Amino acid sequence: VRNNTNSSSAMGETSQKQRKCISLWDPSSSVTILVPRISRDDNTMSMNAVYCSTGVTCNPFEIKALLEVLDYREEFQSWVIENPDAANATVIQKLRTLSSSYRKAVYGCLTSWQAPTAGKEKKFLSEFKSPVAMELLTCMSAVMHLSQIFLLPYPNTTAVRNINGEEEISLLSNTMPGSLTADTVRYLRAHHLPHKLNALRSNDDVDDDKELCETFEEMLSSDQPEYWGVMTENEFSPFWKLVRSLVLRGCLKDAWDVLSHHSSRSNNREGFLHLRAILLSAPLPGGREDKFDYGFQIFSESNDDEEEDLIIGDIPYNAYEEWGCTSRHATFENHNNDGGGKAAGLRSAKSFYATWSNHVRIVMESGLKGGLLYRIPELRWAVFNVISGSTDSFDGWAEALCAELLYVHPMIRPEDICIRTQVAMDLYGDKNDENFYVNMLILSIMKMDAGCAIDALHKFGGGSSAALPTTLTALFCDLLVLAGCIPKKIVTSSTIGKMKDDDGILNRKIINLRKYLFLSAAWACEACFRATDDEDDEVGVRFASRVLMLEGTSQARSALLEILGRCMPASDAEATAWLSLVASSLSVAGDDLSEISSLIALSRARHYLENSQPGGAAFWMLRGAEAENCHLSAKKCTNNSRGIATIKLGAYCVQLASDLLKSVVSPTTMEETLVTNRLLIAQEVVRSIGQDDAISTSIDGITMSAFSFLCNVTDLCSALLQQKYRDVGSKICSCLVDRPAEDAVTTTLPLAHPTFWLDLFSVAYNILKTDELIADQEQKPSFDVDGIHILMTRLKLLESSFHGDNEFFRGQYNDEIKSIDNTQRQLGGSCIDSLFTFPEMRLLLERGLMRAFVERNSYRKLAAVADKKQKFKEASAFHAPSLLGGLEESIDLLLGPPPYAI
């Protein structure tokens, strides 16, 4: 909450007598509260504005992660729409890939956030350093990782098919003993075990990882690293403590890297080669190093040395992959390390592990080659007591559980992992209250309690109004709903006051948890950018729009309309981007979002209208109509549904035509400047719409009729200014002639709505009077016979309207007529102020019909003479003597008599 510093009085000072202040929302902003304050000195009241639209700021790393998680979710939704018949195993694999993608985005955010910076970048990013926020985001990543292991189903690679031929998922792949051991080990190493160099902290008071690495390099560069830092005679050196710590967590490759710096290696080459073979051929679940425990990097180990020396009992170098790892050269894009061992792979892993552990047992009894185990007794404490499972000294429950899964019970059943975890927590865990919640959370998720996972995400940041945590919580809840771990609707019981119904049952409420989380995430996305900078409001709106369109319910659409109503696009590029976003949501949400598209397009049209740019306004109205047509086509609507932008476009065309007609109705009152200005506006709109490709595919017939009416009126006025009365008459008849109707009620309708007939007749009256004045100048009349017949028919209907018959008012684009000002178009009083009376108009039409007949007869006579001459010319050419003479001439004469002159 942020107080307005520009208010007339501060809110901190209160009077001695407490008064109740009434708070109300500011009607101009849905995110502002007005709090009145009454001064006790002068009894004056001042209003303080409290803004509740701002939220937690978002740094560049969170923005990048937010973009990535939304992209991943939209890509998954597009895949689902493109593959409606995908097998269940494929869908489950895609869901697990989506979960890994979310964690990958969070991991990238944390890595960049914690990376050291220098120079200007350090100064810029220093304000974003928040240890608490990074720690909470790390906790969310851990919850998501653990939930992926124990909550999400695993696809069975050997799935059977049911009687309908559909692939079914078997629970075999995640219930076999040892199937989740590798994933659990990776999870423990990634999130619960300390830094692998943490054993060096006891030697020096070092805090950060950089100092630890420097200490590690100093130890290895000494002459005798195994004796470096020894304080007492009975104490193991940091060298051996580090080796033991690495072996306990299964990082045998790192342990060998440390042991290879032992000062006596060159003197005991055979024994060290034997030790190296044992460590680097161990088929441990989860692999022999922890670089890839998050599961979205290339999972492979470097093998610089020759592999021939590593063979122990025919154990392959990569035997650890049989526990559920991906192939050695798989990448995140083509094959994610989502865990879950295969049945055949687990059997192979069990066999390889039994061979390796049996060899370790033999070494414990007889020793290493060259007597190395007796020459260096520290190896027994640091290495062999651990890998043989005979140690009980651990630094925490996570280390104890990890060692047990690696060296004691690697083939543990998945349902027993939570039991062994609880035993490790009881023996080696912390008993304080802070760790109790975390321990119970881990056990609950291991027991497949999906609701506990969502609750934890909400407590670790999902309820903090920060954009990234709230969006992650909503998306992960959505993931669990799609996987069937959480129902779409949750039934809750009210225990407050023990409220019961008439039957004595606690009141229950059905809520859509997914929907509420998505709405919360959308609000947080909008608010965080509003808190950062007012210029970034549109970025927050775009994020919020993407979140709401993923949710897709009617309440989400209402929220999206509310957001767009508060923050309209400020530029054409931004509006285009928003329209593209809404259009792409058709493949994501599949719901009708035409109102949102119309709102975006009409906001830009309003901007151009306010700046007197009619062409731009028409362009954006057409964009709105185009978007509405796309939505209606996607819904396959067969009724005459019309969108707001479509109606507004038709109304705008009708309004322009109406204004243009009113300006040219009477030549005595016509102002040439006004007509010219309105004509230029109409011509700009006609060009803008007519040159657009969407005019023929994106608007309905009614709006097309309105546009055609505007085109005819524009041409009519242009011809009138140029005194081309023949063209004027043609356009008047084009507006009044019957055309096929769009509905099934009437068969034909004129292009012009009946409310414009009087104006068209006024223009016709003027040019008919002009025709009488120039009748002796041998100029063609403005109307032909068909045109006069059209005018007579419409005049009869117009005259009948003043006797109570208004049936002819059923015309096209009635919605457009209702949306413009028709107060001056009541026909009952128009004839009083018009240029003509009905008898005068009928008399003009009769005389005009006479001139039209005379002109047509004259034309027909001239046409008949010209036709006869043409026929004579053709016949003469046909019967002319052939240039070759002879037989061809005789044959031509047989076809008919020679022509005679007319």
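Is tryptophan 323 buried or exposed, and at what relative accessibility? In this predicted model, tryptophan 323 counts as buried because its relative accessibility is 0%. The legends below start from that residue.

**View 1. Tryptophan 323 pairs with tyrosine 353.** Eleven aromatic pairs turn up in a search of the whole structure. In the one shown here, tryptophan 323 and tyrosine 353 meet edge-to-face, with 6.3 Å centre to centre and 85° between the planes. The two partners come from distant parts of the chain, 30 residues apart: tryptophan 323 belongs to the loop between α9 (269-280) and α10 (343-366), and tyrosine 353 to helix α10. Tyrosine 353 counts as buried, since its relative accessibility is 8%. Look for Trp356 too, as Trp323, Tyr353 and Trp356 form one aromatic cluster.

**View 2. Phenylalanine 394 pairs with tyrosine 428.** Here is another edge-to-face pair, at 5.3 Å centre to centre and 85° between the planes. Phenylalanine 394 sits in the loop between α12 (378-387) and α13 (397-407), while tyrosine 428 is in helix α14 (residues 414-428), so this pair also links distant parts of the chain, 34 residues apart. Phenylalanine 394 is buried, with 16% relative accessible area, whereas tyrosine 428 is partly exposed, at 27%.

**View 3. Tyrosine 407 in the largest nonpolar core.** This core has 222 residues, and the members touching the most others are Leu259, Trp356, Leu379, Val383, Phe384, Tyr407 and Ile732. Leaving aside residues up to four places away in sequence, tyrosine 407 touches Tyr353 and Trp356, among others. Its further contacts include Val247, Leu248, Gly250, Leu252 and Leu284, as well as Val386, Ile387 and Gly389. Tyr353 and Trp356 will be familiar from the aromatic cluster with Trp323.

**View 4. Charged side chains over tyrosine rings.** Arginine 96 lies over the face of tyrosine 154, 3.8 Å from the ring centre. In a second example, the charged end of lysine 515 sits over the ring of tyrosine 516, at 5.2 Å from its centre.

**View 5. Confidence along the chain.** The protein chain has a mean pLDDT of 75, and 70% of its residues reach 70 or more. Confidence is highest in α13, at 93, and lowest in strand β1 (residues 2-3), where the mean is 33. Please read two segments with care. Over residues 298-308 pLDDT stays under 50, and the model has 35 contacts beyond four places in sequence for them. Residues 494-499 also stay under 50, with eight such contacts.

Technical notes:
Residues are numbered from 1 along each chain as its sequence is written. This is a predicted model: local features need pLDDT of at least 70, side-chain atom pairs count only at pLDDT 80 or more; totals for chains, interfaces and linings use all residues. Side-chain values use heavy atoms; hydrogens and water are left out. Rings of Phe, Tyr and Trp (its six-membered ring) pair if their centres lie within 6.5 Å; planes under 30 degrees apart count as stacked, over 60 as edge-to-face and the rest as tilted. Helices (H or I, at least four residues) and strands (E, at least two) are DSSP runs, numbered from the N terminus. Buried means under 20% relative accessible area, exposed over 50%, partly exposed in between (1.4 Å probe, protein chains only). A charge sits over a ring if NZ of Lys or CZ of Arg is within 6 Å of the ring centre and within 35 degrees of the ring normal. A nonpolar core is a set of buried Ala, Val, Leu, Ile, Met, Phe, Trp, Tyr and Cys residues joined through side-chain atoms within 4.5 Å. Contact means heavy atoms within 4.5 Å. pLDDT is the predictor's confidence in each residue, from 0 to 100.
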